[in-house]
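Q: Could we go through this model together, beginning with its pocket and then turning to the helices?

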Amino acid sequence: MVYETIAFVLFSLVTLGCSLGVVLVEDVWHSALLLGGALLSVAVHYVMLQAEFLAAMQILVYVGGVLILITFAVMLTKSTAAQPSEVREA
């Protein structure tokens, strides 16, 4: 019983930390990675509640689908602004 409580508190802190990181981090890529961490820790909570089907759907649908979609969107819409060394002088 004590180990379950320690695991619950640990993964609750991971969920809260990743969720705050999603909102507070300025880089979109790191925000997407933190979202994946938050979604995976929620799946761990489902496993702790003995809801394995919900945990599997959480991983397959949200982590596997939504996070990959966000990754592709970030990669395709990434700004290609000129670096200071690439700026030509007129």
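A: The answers below take up the pocket, the annotated spans and one helix.

Q: What kind of model is this?
A: This is a predicted model, in which local features need pLDDT of at least 70 and side-chain atom pairs count only at pLDDT 80 or more, while totals for chains, interfaces and linings use all residues. Residues are numbered from 1 along each chain as its sequence is written, and side-chain values use heavy atoms, with hydrogens and water left out.

Q: Which residues line the largest pocket?

A: The lining consists of Glu4, Thr5, Phe8, His45, Met48 and Leu49. A pocket is an open set of points on a 1 Å grid over the protein atoms alone, where a 1.4 Å probe fits, with protein on both sides within 12 Å along at least five of seven lines; lining residues have an atom within 4 Å of a point.

Q: Which element gives the largest share of that lining?
A: H1 does, with three residues.

Q: Which spans does UniProt annotate as "transmembrane region"?
A: The unreviewed UniProt entry gives residues 6–25, 32–49 and 55–76; such annotations may be inferred rather than shown by experiment.

Q: How far apart are the end C-alpha atoms of residues 55–76?
A: They are 30 Å apart, and the span is 100% helix and 0% strand. Helices are DSSP runs (H or I, at least four residues), and strands are E runs of at least two. For residues 32–49, the end C-alpha atoms lie 26 Å apart, with 94% helix and 0% strand.

Q: Which residues of H3 are buried?
A: Ala55, Gln58, Val63, Leu67, Thr71 and Val74 are buried, meaning under 20% relative accessible area with a 1.4 Å probe, protein chains only. H2 is among what covers the buried residues of H3.

Methods:
Buried < 20%, exposed > 50% of the residue type's maximum accessible area, 1.4 Å probe, protein only. Contact = heavy atoms within 4.5 Å.
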